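Keep the sequence and the model side by side as you read. The walk below goes from one element to the next.

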Amino acid sequence: MARVELDRVNKIYRGRGIEVHAVRDLSLTVEDGEFVAILGPSGCGKTSTLRMIVGLEEITGGEIRFDGRRVNELGPEARNVAMAFETYALYPTFTVFENLAFPLEVRGFERPRIEREVKEIARLLEIEDILGQKPGQLSGGQQQRVSLGRALVREPAVFILDEVMSHIDAHLKFRMLFELKRLHQRLGRTMIYVTHDQVEALALADRVAVMSNAELQQFADRDGLYNRPANRFVADFIGEPPTNFFDARIEQRDGELLLPVPGSSLVFRPDGERRRALERVARAEVVVGIRPQNLALEPVEARGERIEAEVDIFEYLGEMAILALRSGERMFRALASPRRRLEPGTPVALHYRREDVMLFDPATGDFIA
Ligand SMILES: Nc1ncnc2c1ncn2[C@@H]1O[C@H](COP(=O)(O)OP(=O)(O)O)[C@@H](O)[C@H]1O
Ligand SMILES: [Mg+2]
């Protein structure tokens, strides 16, 4: 069992006069038994973070602790962490069975137990029919599943999984995400799962650490990321389609606070909590964010608000349709039912709840309320 703490961790790669600050002052605590995802675009420092946790990469600054004990100086063997990589790192001369059995043999398990455990993992990952093959004969997705199996079979204190589903096709991926979640519930081990895919992160993890540009942006559960995003980056990165943003003015009219959007006829009305937050920061402009999911063609509630726009494009997205809308010079999106197809140019009213209006600082991008 292990609680993993990162305390102002930094990673700087130094080469011939070049410096890459890959991880900057990252502080994060993964509780014992928790499933945490680290999510962010390519190059933001996810793999560097994992390699420092595992012990494969020197920590330039800060401290990593397992159950309160500093591990900075410990090698990978001493940390009891298993890692499955996006690149497979399988033994090419071993069969799939032998690749999976090896970590168990190292631990001195008896043959019947090894066979039982390898079979169980193979069933879980749907690779039973390729146990006799060598890695070179497998597809990318199969290799990835074997690699994942090799990390899982070790039952370490901490599992680290780096982009392990990137080569697995969508259909199988959903089943594997489900199995992985079940496995975590059964084993109760600490798991850190790295991905650039928000769907995977949100499907699996109790909490998600969102990184961008070497820095942690927010560490929160699904509700926190959706409804209280720390900044514009998180609001934009989490959710599909992404949040609509509008540069708006702040105006008082007849005792009411309104947020008109220049270049359009849009006017947003925030609720009391957000109005009070705006009065506290006392400025003339604000960035309004509203999620496409929170703009509806039907009234959402009796006291709900509305804006008006014109349909620009009607596009299908699986079970839903995405409406690209226009008001004056401003474009934005809403989700709709695909049943009623709307022609370009159709005027529509979009309904929203005042509390779904998000406000951001125009200068820093920070969440205001
Ligand atoms: N061994 C290395 N030497 C120099 N730069 C590196 C090395 N590994 C990663 N980087 C750089 O560090 C940054 C973060 O990389 P990485 O941790 O792999 O990000 P991610 O896993 O989020 O894609 C990138 O700019 C990458 O080019
Ligand atoms: Mg990576």
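Ala282 follows directly after α10 and takes a positive phi of about 45 degrees. The helix before it, α10, covers residues 272-281. Of the 10 residues of α10, the number buried is one, so this helix lies largely in the open. All of this comes from a predicted model.

Step back to the whole protein chain. It holds 10 helices and 20 strands. The C-alpha trace spans about 80 × 45 × 40 Å along its principal axes. The chain has 369 residues, and 38% of them count as buried. Take the contacts between residues at least 6 apart in sequence: 65% of these join residues at least 24 apart.

Now turn to a run of helices that pack on one another. Two packed helices are described by the angle between their axes and the distance between the axes. Start with α3, residues 96-106, and α4, residues 111-124. Their axes lie 10 Å apart, at an angle of about 130 degrees. The two helices are therefore oblique to each other. The crossing of α3 past α4 is right-handed. From α3, the contact draws on Phe97, Leu100, Ala101, Leu104 and Glu105. From α4 come Ile114, Glu117, Val118, Ile121 and Ala122. By class, that contact has eight nonpolar residues, two charged and no polar ones.

Which residues of α3 are buried? They are Val96, Phe97, Asn99, Leu100, Ala101, Pro103 and Leu104. These buried residues pack against α4 and also against α5, which spans 140-153. Just beyond the end of α3, Gly108 takes a positive phi of about 80 degrees.

Next comes the pair α4 and α5. Their axes are 10 Å apart and the packing angle is about 135 degrees. That makes α4 oblique to α5. This crossing is right-handed. On the α4 side, the residues are Glu117, Val118, Ile121 and Ala122. They meet Gly149, Leu152 and Val153 of α5. The contact of α4 with α5 divides into five nonpolar residues, one polar and one charged.

Gly149 deserves a stop of its own. This glycine lies in helix α5. Is Gly149 buried or exposed? Gly149 has 23 other C-beta atoms within 10 Å, so it counts as buried. Set aside its neighbours within four places in sequence. Gly149 is then in contact with Leu100, Ile121, Ala122, Leu125 and Ile127. Leu100 appears among the α3 residues that touch α4, and Ile121 and Ala122 are α4 residues that meet α5. For a sense of distance, look from Gly149 to Pro262. The two are 113 residues apart along the chain, and their C-alpha atoms are separated by 55 Å.

Move on to ligand 1. What surrounds ligand 1? The shell consists of Tyr13, Val20, Ala22, Gly40, Ser42, Gly43, Cys44, Gly45, Lys46, Thr47 and Ser48. Two elements give two or more residues to this shell: β2, residues 18-30, and α1, residues 46-54. The largest share, three residues, comes from α1. By class, the shell has four nonpolar, six polar and one charged residues.

Finish with backbone details in the loops. Asn80 sits in the loop between α2 (76-79) and β6 (81-84). Its phi is near 55 degrees, a positive value in a residue other than glycine. How is Asn80 placed with respect to solvent-facing neighbours? Asn80 has 14 C-beta neighbours inside 10 Å, so it counts as partly exposed.

Asn213 gives another such case. Although it is not a glycine, Asn213 has a positive phi of about 55 degrees. It lies in the loop between β9 (207-212) and β10 (215-220). With 13 other C-beta atoms within 10 Å, Asn213 is partly exposed.

One peptide bond completes the tour. From Glu240 to Pro241 the bond is cis, with omega near -5 degrees. Where is Pro241? Pro241 is in the loop between α9 (232-237) and β11 (244-249).

Key: Residues numbered from 1 in each chain as written. Chains lettered and ligands numbered in written order. Predicted model: local features only at pLDDT ≥ 70, side-chain atom pairs only at ≥ 80, totals over all residues. Helix = DSSP H or I, 4+ residues; strand = E, 2+ residues; numbered from the N terminus. Buried ≥ 20, exposed ≤ 12 C-beta atoms within 10 Å, placed from the backbone. Near = placed C-beta within 6 Å. Nonpolar A, V, L, I, M, F, W, Y, C, P; charged D, E, K, R; others polar. Axes fitted to C-alpha atoms, helices over the stretch in contact; angles between N-to-C directions. Parallel < 35°, antiparallel > 145°, perpendicular 65-115°, else oblique. Left-handed = near helix turned anticlockwise from the far one by under 90°. Contact = placed C-beta atoms within 7 Å.
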